[in-house]
Structures are given as structure tokens and as C-alpha cells.
Amino acid sequence: MRGYAVYLVKRLLQFALVVFVGINVTYLITHATPIDPVEQTITAATSFGTTSPEAIALMRRSLQDLYGTGGGALHQWLAFWGRIVVGDFGPSLSAFPTPVSTLIRRALPWTAGLMLVATVLSWGLGNLLGGLAGYYRRNRLLKFAGIVAMGVHPVPYYIVAFVLLIVFGYVWPVLPITGAYAQGLQPGFTLEFAGSVVRHSLLPAASLVLVGIGGWFMGMRSLVSNVVTEDYTIYAELAGVRRRRILGSYVMRNALAPQVTGLAMTLGAIFNGAIITEQVFGYPGLGSLLVAAVHAGDYSLVIGVTTVSILAVSFAVLLVDLLYPLLDPRVQAR
């Protein structure tokens, strides 16, 4: 128990360091841009008429307080972290005066639901099929699955997305190709709305799952092929242990540990996939919100989306790290 406590403290410190460094890098990059949100907002507000210099000066001071750009560099940085701690990213420049946190709160569930489900589904199916293919090496159906996995895996997921969009949106139009739910449908906890959400998420999720399964399949098959040659596996087979038990308790469990580490690393790329996938299918998630913020020069929104992404990914990796010792108790002693 003490070993796990030390392991827990180390991972929590790493989590805090990664979040601190990542958010600071985002802050430095966005503040290095030539776009001044205060002056841009003033220009937009005064472009339709004349405004007195006194009113403009008052507006500038108010906006500097809103965006946290007043004072020196250290004062701005401290003000920034003061806002981060309470989850206040200020108003959005492109959707002024809507708070950034409100825009993120609307978009986050769509990205989290789509990307997490697709990632976990591809990881689970890929490892299951790969484990079976590595253990039952003479099965023709599993051999064919391996050929398909090797053929699909190198294809970029956005290419698969465009193919699915063309096939199921135009050639055989049976699925919706844009949006998160049907237009005119009122969001709510109803079967009609839930069914519409599932239908609209099928193509985006399929483009991610089809490509993701291939990598997990090949990795798991290779790991299982090595595990089945270990002495303990051979001894279990000679002792007459049932093959299902050998596969589940001896082979899959020992081969799965590196794949859990791979899952933690893959979680870091979730929001990279969200950007292109959501653009292709017009999905209203964080990826689409981030692209719109970059085009509009809305660095308050860019900081907000990036900060939430860093926190979400870091927390997911931390959770996987904390569960890892349950699969491999030796981790506690490292």
C-alpha cells in the first residue's frame, strides 16, 4: 500500500507539472501574436459611427479589465492564472460579450462523447481481435482480419472520413453527413433526440474507429505471439488448463499492459483528431470551435479551448496511470 502511495504522489506531481507547463506555453504563444483583442474590439465597435476620444479611452480601460491585458507582463500573467483557477477565460472576441466558458461548455460534450467513445471502442475491438488472432494463428477469418487491418491502418482517418461521407451521404444516402442532430429538433432527454444524435455520430465515429482498430490489432497480435512462447504459457497448456482460461488469464492479461500505456499516449491525440473530423462532418465540438477562434483571432477562446484540452487529456492519462498497477503490480516498485 505504501508503494502505491508513493506512486500516486509522483503521478500527481507529474500531472500538475504537465498542466502548468502546457498552459504557460499556450499563454506565451497566444500573447506573442500581433492581435490585440482590446483594439480589435474597439475597432469593431466604432466602425459604424463616430465616437468621442473620452468614450474610446473608457472603453479601452474596461476591455483591458475584461481581457486581463492591463498592466505589465507579470501583472497580466498573474491575472491570467487568477482567471484560470476559477475557470474564467473572459469574454469571447468573436462572440462578444458571450463568456468563453459558456462556448466551451456547449461544445465540450460533443467532442468528449464522440472522441472518447471512438477511441475506447477502437482500442477494445482492436485488442480483442488482435489477441484472438495472435493466439489462434491458424484461424482463416482472423488472418483475413489481419490483412484488412494492415491495409486500412496506414490510411489517414480524414481520407476514410471523406470516403464514408461520399458513400453514405451521396452514393447511398442513408446517414446524415453534417451536424450533431437534425435541424429543428429541440435538444432534450428524449428518444427522438438521442436517436438523432447517434445517427449523426455514426460516420464521424466510424472514420476514427476503422483506422484506429488496425494499429491496436497489429500491436496486440504481435504481443500475444510473444507471450504464447513464454514458459508459463507452455506449461499451462501441457498441464491441461483450458484454452479460454489460458487466453484470458495468462496471455491477454500480460499482453494488455503495454496496450494500456499506448491508450494513455493515444488520449493525447484525441483533440488533434477532433479538429479535422469535426470540420469534415460539421460537428459542433471543440475542434470546430478552435478553428473558428483561430480564424477570428479570438485568442481568449483559443486559450480557453487549449486549456480545457490540456486538462482533459492530462487527467485521462493520469487516470490510466493510476489504473496501470492493477494490471502490473511491479509498477508500484519502480
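This is a tour of a predicted model, taken one selection at a time.

**The largest core**

Start with Ile23, Phe80, Ile104, Leu286, Leu289, Leu301 and Val305. These residues have the most contacts inside the largest nonpolar core, which has 22 residues. Next, colour helix H1 (2–31), helix H4 (73–86), helix H5 (100–135), helix H12 (286–296) and helix H13 (299–327), the elements that each give two or more residues to this core. H13 provides the largest share, seven residues.

Now centre the view on Leu301 and show what surrounds it. Apart from its neighbours within four places in sequence, Leu301 is in contact with Ser92, Ser94, Val100, Leu103, Leu289 and Ala293.

**The second core**

Select Trp110, Met115, Ala205 and Ile213. They are included in a second core of 13 residues, separate from the one above.

**Aromatic residues**

Eight aromatic pairs are present in the structure. For one of them, show Phe80 and Trp81: their ring centres are 6.0 Å apart and their planes stand at 75°, so this pair is edge-to-face. Phe80, already selected as a residue of the largest core, has 9% relative accessibility and counts as buried. Trp81 is also buried, at 17% relative accessible area, because the cut-off for buried is under 20%. Add Phe20 and Tyr27 to the selection, and the one aromatic cluster that they form with Phe80 and Trp81 is on screen.

Then move to Tyr135 and Tyr136. Their ring centres lie 5.1 Å apart with the planes at 85°, so they too make an edge-to-face pair. Are these two residues buried or exposed? Tyr135 is buried, with a relative accessible area of 5%, whereas Tyr136 is partly exposed, with 29%.

**Ser122 on helix H5**

Go to Ser122, which lies in helix H5. Its relative accessibility is 5%, so Ser122 counts as buried. Which backbone oxygen does the side chain of Ser122 reach? It is that of Thr119, at 2.9 Å. Display Val209, Gly212, Ile213 and Trp216 as well: Ser122 touches these residues, not counting those up to four places away in sequence. Ile213 has come up before, as a member of the second core.

**Pro204 on helix H8**

Select Pro204, found in helix H8 (residues 191–227). Pro204 counts as buried, with a relative accessibility of 1%. Show Leu114, Thr277, Phe281 and Tyr283, with which Pro204 is in contact once neighbours within four places in sequence are left aside. To add a distance to the view, pick the C-alpha atoms of Pro204 and Leu165: they are separated by 8.9 Å, and the two residues are 39 residues apart along the chain.

**Annotated spans**

Finish with the record. An unreviewed UniProt entry lists residues 12–30, 110–136, 157–182, 202–219, 260–281 and 301–324 under "transmembrane region". Colour two of these spans and look at their secondary structure. Residues 202–219 are 100% helix and 0% strand, and the end C-alpha atoms of the span lie 26 Å apart. In residues 157–182, helix makes up 58% and strand 0%, and the end C-alpha atoms are 25 Å apart.

Key:
Residues are numbered from 1 along each chain as its sequence is written. This is a predicted model: local features need pLDDT of at least 70, side-chain atom pairs count only at pLDDT 80 or more; totals for chains, interfaces and linings use all residues. Side-chain values use heavy atoms; hydrogens and water are left out. A nonpolar core is a set of buried Ala, Val, Leu, Ile, Met, Phe, Trp, Tyr and Cys residues joined through side-chain atoms within 4.5 Å. Buried means under 20% relative accessible area, exposed over 50%, partly exposed in between (1.4 Å probe, protein chains only). Helices (H or I, at least four residues) and strands (E, at least two) are DSSP runs, numbered from the N terminus. Contact means heavy atoms within 4.5 Å. UniProt positions are given in the numbering used here, feature names are shortened, and annotations may be inferred rather than shown by experiment. A polar contact is a pair of N or O atoms within 3.5 Å; within protein, one must be able to donate a hydrogen and the other to accept it, and residues adjacent in sequence count only if both atoms are side-chain atoms. Rings of Phe, Tyr and Trp (its six-membered ring) pair if their centres lie within 6.5 Å; planes under 30 degrees apart count as stacked, over 60 as edge-to-face and the rest as tilted.
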